[in-house]
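Work through the exercises below with the sequence and the model side by side. Try each task before you read its solution.

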Amino acid sequence: MAIVATDAVVLHAFDYLESSRILRLLTREGGMRSVLAKGARRSARRFGSALDLYAQGVAQLYVKEGRDLDTLSAFEVTASRAGLAEDMGRFAGASALAELAMRFGRQSADVEVYELVVAAFDAIAAAPPERVAVTTLAALWRLVAELGVAPAVDVCASCHQPLEPLEPVLFSHSVGGALCARCGRLATTGRRLPAEARATLRSLIAGETDAAPDDAALRAHQRLLREFVQEHLGDGRPLGALAMWEDQRMLAR
C-alpha cells in the first residue's frame, strides 16, 4: 500500500458505519477519488474542517492497487470556503458544479478540470449577491466545455458553416448547438436562440461573467444548460443538485 499526497477538494461526504465518513475528492493528480476517513465522526479534531464540503488542501491517501476506496491519512486545509454554506444561492450553485464534476469527471488525473472547479468555487464565494447566479452559470458551461461537449455557437453544428455573429439561430440540443438556416429547416426539434441570448451564451462558455440577463433570461439560460447536459452527458439518472439550483427563486440577476 502506497501513500500519496495530492491537492484535493471535497465534493461530497456521507456517514459510514458508526464512526467514519466517506468523502468524494477531486484531486489534481488522481482525478475523482473515494476515500474513507476512519474515526472522523468520533473525534472532530482528527480531520477538523477537512470534512467540510468544498474544503481544499493537501490530502494524504493510502492507495492500494485494485481497490476503489482509498484511506485518508491526513488533510491539511488551505481553503475552507465556509461562506459557501452560509448562503443558499451560493451553496446551490457550488452543489450543482460539484455534481457535474463527480458524475462526469474523469477517474484519472485532469489538472484542467481540477483547477477550473477550485477557481469556480472561489469565484462563487466571492461574487456579489447579484452576480452569484451568472457566475455559477459561467462555471457550469466552462466545465461542460472542458469535458469536451461545448455547444457550437459560431459555426453550424451540422454542416460547420460559419454563422453571422449577430443573427438569431435555431439551437438544437440533439445536433449539438446552433444551426444555419438550411440545417435549421431540416431539424426536427430545436429552440430559437435570439442574437442577444446567443451572445450571452458565447460569453458564458468563455467563462466571462459580465453578462447581465434579467430573471426571465437567466431562467432560460439555466434551462438551456440543463437540457444540453441531459442530452450530451446524461446517463439516465436525475441531476438533483442541478435541478435544485435551477429552482432557486431567490437567484438575482
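The exercises that follow treat helices, single residues, aromatic rings and a pocket.

The model is predicted, so local features need pLDDT of at least 70 and side-chain atom pairs count only at pLDDT 80 or more, while totals for chains, interfaces and linings use all residues. Residues are numbered from 1 along each chain as its sequence is written, and side-chain values use heavy atoms, with hydrogens and water left out.

**Exercise 1. The span and surroundings of α3**

Task: Compare the expected span of helix α3 with the distance between its end C-alpha atoms, and then describe how α3 is enclosed.

Solution: Begin with the naming, in which helices (H or I, at least four residues) and strands (E, at least two) are DSSP runs, numbered from the N terminus. The expected span of a helix is 1.5 Å times one less than its number of residues. Helix α3 covers residues 132-146, and its 15 residues should therefore span 21 Å, which agrees with the 21 Å between its end C-alpha atoms.

Next, turn to burial, where buried means under 20% relative accessible area, exposed means over 50%, and partly exposed lies in between (1.4 Å probe, protein chains only). Twelve of the 15 residues of α3 are buried, so the helix is largely enclosed by the rest of the structure. Among them are Val-132, Leu-137, Trp-141 and Val-144. Using contact in the sense of heavy atoms within 4.5 Å, the buried residues of α3 pack against α1 (88-104), α2 (111-126), α5, α6 and α7 (240-246). Finally, look just after α3, where Gly-148 takes a positive phi of about 95°.

**Exercise 2. The helix α2**

Task: Find how far α2 reaches from its first C-alpha to its last, and name what its buried residues pack against.

Solution: Helix α2 has 16 residues and reaches 23 Å, close to the 22 Å expected at 1.5 Å a residue. Its buried residues include Val-113, Tyr-114, Leu-116 and Phe-121. The packing partners of these buried residues are β1 (2-16), β2 (20-27), β4, α1 and α3.

**Exercise 3. Positive phi outside glycine**

Task: Locate Tyr-54 and Arg-81, and decide whether each is buried or exposed.

Solution: Recall that most residues other than glycine have a negative phi. Tyr-54, although it is not a glycine, has a positive phi of about 75°, and its place is in the loop between β3 (31-37) and β4 (56-63). With a relative accessible area of 3%, Tyr-54 is buried. Arg-81, likewise not a glycine, has a positive phi of about 55°, and it sits in the loop between β5 (69-79) and α1. Arg-81 counts as buried at 10% relative accessibility.

**Exercise 4. Aromatic rings**

Task: State how many aromatic pairs there are, and which residues the ring pairs link into a cluster.

Solution: Rings of Phe, Tyr and Trp (its six-membered ring) pair if their centres lie within 6.5 Å, and planes under 30 degrees apart count as stacked, over 60 as edge-to-face and the rest as tilted. By this rule there are four aromatic pairs. Ring pairs join Tyr-54, Phe-91 and Phe-121 into a cluster.

**Exercise 5. Ala-150 after the helix**

Task: Describe the setting of Ala-150 and its contacts.

Solution: Ala-150 is found in the loop between α3 and β6 (169-172), and it is partly exposed, with a relative accessible area of 38%. Although Ala-150 and Gly-176 are 26 residues apart along the chain, their C-alpha atoms are separated by 8.1 Å. Not counting residues up to four places away in sequence, Ala-150 touches Val-144, Ala-145 and Phe-228.

**Exercise 6. The largest pocket**

Task: Describe the lining of the largest pocket, beginning with the residues closest to its centre.

Solution: On a 1 Å grid over the protein atoms alone, a pocket is an open set of points where a 1.4 Å probe fits, with protein on both sides within 12 Å along at least five of seven lines, and lining residues have an atom within 4 Å of a point. Of the 16 residues that line the largest pocket, the closest to its centre are Glu-196, Ala-197, Thr-200, Ala-217 and His-221. At least two lining residues each come from β8 (191-193), α5 (195-205) and α6 (215-232), and α6 gives the largest share, five residues.
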